[in-house]
Amino acid sequence: MSAYHIRGGRKLHGEVDVAGSKNAALAIMSAVVLAEGTTILHNVPNVSDTRTKASLLEVFGAKVQWREGSLLIDCSRLHDGEADEEMVRSIRTSFYLLGPLVARIGFVTLPAPGGCKIGARPVDLHVKGLLALGAELELSEGRYTVRAKELRGSEIYLDVPSAGATQHLMATATLAKGITVIQNAAIEPEVTALAEFLNRMGANVEGAGTSTITIQGGAKLEPCGFTIPSDRLQAGTYLLAGAITGGDVTVKGIIPDNQTAVINKLREVGAELIEGPDWLRVKAGTNMKGVRIKTMPYPGFPTDMQQPMSAFLTICEGVSVVEETIYESRIGHVQELNRMGANILQEGRTSIINGVARLRGATVSASDLRAGAALVLAGLAAEGESFVQNIHFIDRGYDDLVGTIRSLGGDITRIQTQEKRGKVGETLH
Ligand code: UD1
């Protein structure tokens, strides 16, 4: 079992290049199947979710080749396949393959999806949208079977602006004959990135980045080259690593406009934020104070940053109130942060954080991806040594976390532990 060994208390300083966006890459990797031939994606983050997604594409006949940071995906000969249940359940975006695959090959079966255990995570909006586009769906023994002779454009209203449903249905609609209008669409930057990719393939998608997206579907799409934009969530995590350790960190190669909520909250806390055209620098303040945060769909405060931000707020003076409105159980970090000396009271979806002077190192366990990131941040700030276990969750979304944190002066090592809450064994690298 792998874990991170962290010696806390070092201020992080320096600059980092932020890797490609996991969520944008996963959505785009579903859409590559829309075109026959070889698509080349650059700046794909090397994280376990993208590797799993690549393996899943192979099940359906795609030929996948990793070449340094690029991914070559040949979708010339696709077919239905027997996807392994564990593989599909391990990533939420496996489900986004259903529509594009059925648009290309007419018939597909896939086990129901998974992802981090942070809430019920229904797929009703995806299902309603696929039905509206003319697909037939059947769920039996935990497997979806989807058929379509021909998809046709439709009006789709999303009850909630789901990023995943918007991406899934927008991509599928490019091969549906006629016009599709998605109302109450998500406006996340990862939705816009997917629309850019689809248009690069020859699709006609308008309005991405607003709540109404119009797709003129039915044209044959061609493979293309595309660069995945940088990851705003990894960027936000490294900014917080600077702030929580009392340091000074610059994240480069990013779009500062996509980070408005995080920038504003860090400023409100009392950190200094300096913005460049494609970089952001955080300098920790001397007297950082608690704030109120409520997670909201973009451009509100991102639910993915809620747990890392909460870790930071544990050492800010006074009381912070953090309300999670998107996922009902994104709270796996709370108990573990309290083991490190934090003072967090959990009331339903709201965390009441009483700032403490310092955190203390401890052996803690990640329950999901961003909870894991929160524990790493806490470990970097804590007095003494910490061991963060269950780091396979963190591997899902952080490309070279150890190398990046070390380049900023943090003391973190990936090790192998013998048992849970436990003993330290051999150092890997
Ligand atoms: C994506 C991101 C995830 C992020 C989330 C919200 C990926 C791989 N994951 O997840 O990191 O935390 O956006 O920004 O891109 N919902 C329904 N029915 C559906 C679909 C969603 O009710 O059919 C609800 C969800 O339960 C949730 C809300 O909509 O409360 C938002 O979920 P959604 O935006 O779909 O999240 P994901 O795409 O799963």
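## Contacts and overall build

In this predicted model, long-range contacts carry much of the tally: of the contacts between residues at least 6 apart in sequence, 72% join residues at least 24 apart. The secondary structure behind them amounts to 14 helices and 24 strands. The chain has a radius of gyration of 22 Å, close to the 22 Å that the globule rule gives for 429 residues, so it is as compact as a globular protein of that length.

If you like to set up a box, the C-alpha trace spans about 65 × 45 × 40 Å along its principal axes. One example of a separation inside that span is the pair L26 and E385: they are 359 residues apart along the chain, and their C-alpha atoms are separated by 35 Å.

## Surface and charge

Of the 429 residues, 58% count as buried. The accessible surface comes to about 16,600 Å², and carbon and sulfur atoms account for 47% of that area.

On the charge side, there are 43 positive and 47 negative side chains. How far apart do the centres of the two sets lie? The answer is 2 Å.

## Two nonpolar cores

In soluble globular proteins, nonpolar side chains tend to be buried together. Here, the largest nonpolar core holds 70 residues, and the members that touch the most others are L41, L57, I73, M170, L194, F197 and L198. A second, separate core has 64 residues, including L240, A243, L266 and M305.

L194 is a good place to look inside the largest core. Setting aside neighbours within four places in sequence, L194 contacts A27, I28 and A31 on one stretch of the chain, and Q167, M170 and A171 on another. M170 also appears among the core members that touch the most others.

## Helices α1 and α4

L26 sits in helix α1. Is L26 buried or exposed? Its relative accessibility is 1%, so L26 counts as buried, the cut-off being under 20%. Beyond residues up to four places away in sequence, L26 touches D49, T50, K53 and T93.

Helix α4 covers residues 98-105, and its buried residues are L98, G99, P100, L101 and V102. Which elements do these buried residues pack against? They meet three helices and two strands: α1 (22-31), α5 (124-132) and α6 (163-173), together with β6 (107-111) and β8 (143-147). After α4 comes G106, which has a positive phi near 85 degrees.

## Backbone details worth a check

Most residues other than glycine have a negative phi, and most peptide bonds are trans. Three spots in this chain are of interest against that background.

The first topic is N43, in the loop between β3 (38-42) and α2 (48-59). Phi of N43 is positive, near 60 degrees, and at 31% relative accessibility the residue counts as partly exposed. D400 also has a positive phi, near 55 degrees; its place is the loop between α13 (392-395) and α14 (401-407). With a relative accessible area of 49%, D400 is partly exposed, since the exposed class begins over 50%.

The other topic is a peptide bond. Going from Y298 to P299, the bond is cis, with omega near 10 degrees. P299 belongs to the loop between β17 (292-294) and α10 (303-313).

Methods:
Residues numbered from 1 in each chain as written. Predicted model: local features only at pLDDT ≥ 70, side-chain atom pairs only at ≥ 80, totals over all residues. Heavy atoms only, no water. Helix = DSSP H or I, 4+ residues; strand = E, 2+ residues; numbered from the N terminus. Rg over C-alpha atoms; globule rule 2.2 N^0.38 Å. Buried < 20%, exposed > 50% of the residue type's maximum accessible area, 1.4 Å probe, protein only. Contact = heavy atoms within 4.5 Å. Areas by Shrake-Rupley, 256 points an atom, 1.4 Å probe, with all protein chains shown as cover. Lys, Arg positive; Asp, Glu negative; His and termini not counted. Charge placed at Lys NZ, Arg CZ, Asp CG, Glu CD. Core = buried A, V, L, I, M, F, W, Y, C linked by side-chain atoms within 4.5 Å.
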